[in-house]
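Subject: A structure for you to look at

Hi there,

Here is the structure I promised to send over. Please open it next to this email, and have a look around before you read on.

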Amino acid sequence: LHYQPQLCLADGALQGLEALVRWRHPERGLVGPDEFITFSESRGLITPIGRWVMPQACRQLKEWQDQGLAMVPVAINLSALEFRQRDVAAEIAAVLRDTGLAPQYLEIELTESVLMHNASQGLATLHALKALGVGISIDDFGTGYSSLSYLKRYPIDKLKIDRSFVMDTPGSSEDVAIVTAIIQMGRSLQLLTVAEGVETEEEWKGVGICGFDLVQGYYIARPLRREDAFAWALRNAGHI
Ligand code: C2E
Ligand code: CA
Ligand code: CA
């Protein structure tokens with residue numbers, strides 16, 4: 001697992017770490033999830049991967065917290081298939097119990113398609129997660145069939161606005177208009193907004209002007225190996 005920091009845009013304070021899985025291949029080296037998640041889903045391998053990721057990330061964060069890391073959550077990505085096939089809420093409750101991580105330090109990232117395709121079961125699962133105290137983020141927001149109705153129906157905490165909007169933000173008045181509207185809507189619904197994939201100083205300034213709450217991207221830090229992530233967090237949080 002690699003971890004990418006998420007910062008508060010206003011003061012640069014560390015606000016969370018996203019766990020991103022990699023496959024250490026004997027010949028090809030580190031292989032990114034885009035190359036194996038879809039395949040894993042089609043071969044029924046996503047469940048074992050998810051069952052490895054979840055406790056790993058929770059245990060890691062708990063260990064870091066015990067070693068003095070700022071009390072911030074770790075975010076875990078769940079694919080639509082995992083969300084549908086597994087009793088996610090019960091599994092997460094068990095992992096939290098086993099690892100001793102307090103539920104408010106776990107966030108689940110889901111894409112819009114999860115909510116679109118599992119309406120009633122999805123709603124029940126999200127409410128069960130909420131009841132546990134776990135945070136819920138919508139990933140890649142704006143790229144799928146963004147249905148505004150689910151924003152009021154589902155207990156969501158964060159909207160992660162896709163990099164495709166962030167990338168064009170400084171140059172495109174349409175993107176600025178859309179992003180600003182999403183941020184304002186988020187604020188009225190008490191959702192935090194996250195700018196994903198900020199790579200350059202220009203983009204960093206652009207997302208600042210738009211009024212995002214939180215920011216993530218190569219400009220701040222790439223996803224880091226666990227040793228590096230902990231060192232980075234101790235060194236940099238609050239000093240960006
Ligand atoms: P995602 O959840 O949207 O994660 C963000 C992706 O953008 C990551 O790619 C991250 O490395 C990359 N990224 C971060 N900052 C920047 C930036 O400034 N510029 C650019 N161009 N990219 C940036 P990664 O690690 O290859 O992950 C790809 C996708 O694989 C993730 O997209 C997520 O959907 C999925 N994934 C990752 N880990 C897991 C996992 O444990 N379980 C499941 N089910 N899916 C996972
Ligand atoms: Ca994500
Ligand atoms: Ca994303």
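Below are some notes on a metal site and on a bound ligand.

One thing to keep in mind is that this is a predicted model.

Let's start with the metal. Which residues hold the calcium ion (ligand 3)? Its donors come from Asp139, Asp140 and Glu196, with Glu196 giving two OE contacts, and the distances run from 2.2 to 2.5 Å. Along the sequence, these donor residues follow the spacing D-D-x55-E. Asp139 belongs to strand 7 (residues 135-141), while Glu196 is in the loop between strand 9 (192-195) and helix 10 (201-210), so this pair ties together parts that are 57 residues apart in sequence. Are these two residues buried or exposed? Both Asp139 and Glu196 are buried.

Asp139 has a further role to spot: it bridges the calcium ion (ligand 3) and the calcium ion (ligand 2), and those ions are 4.1 Å apart.

Now for ligand 1, where you will meet Asp139 again. A polar atom in the side chain of Asp139 is 2.9 Å from an oxygen atom of ligand 1. Two other side chains have an N or O atom close to a nitrogen atom of the ligand: Glu82 at 2.8 Å and Gln4 at 3.0 Å. On its own, ligand 1 has 800 Å² of accessible area, and the protein covers 81% of that. Ligand 1 sits in the largest pocket, and strand 2 (14-20) and strand 7 are the elements that each give two or more residues to its shell. In total, 22 residues surround ligand 1, with Arg22, Glu82, Asp139, Glu199 and Tyr218 the closest.

Happy exploring!

How values were computed. Residues numbered from 1 in each chain as written. Chains lettered and ligands numbered in written order. Predicted model: local features only at pLDDT ≥ 70, side-chain atom pairs only at ≥ 80, totals over all residues. Heavy atoms only, no water. Donors = N, O, S within 2.8 Å, 3.2 Å for Na, K, Ca; no water. Helix = DSSP H or I, 4+ residues; strand = E, 2+ residues; numbered from the N terminus. Buried < 20%, exposed > 50% of the residue type's maximum accessible area, 1.4 Å probe, protein only. Near = heavy atom within 4 Å. Polar contact = N/O pair within 3.5 Å; in protein donor to acceptor, adjacent residues only side chain to side chain. Areas by Shrake-Rupley, 256 points an atom, 1.4 Å probe, with all protein chains shown as cover. 1 Å grid on protein atoms, 1.4 Å probe; cavity = no way out; pocket = protein on both sides within 12 Å on 5 of 7 lines; lining within 4 Å. Sits in = over half its atoms within 2 Å of the grid points.
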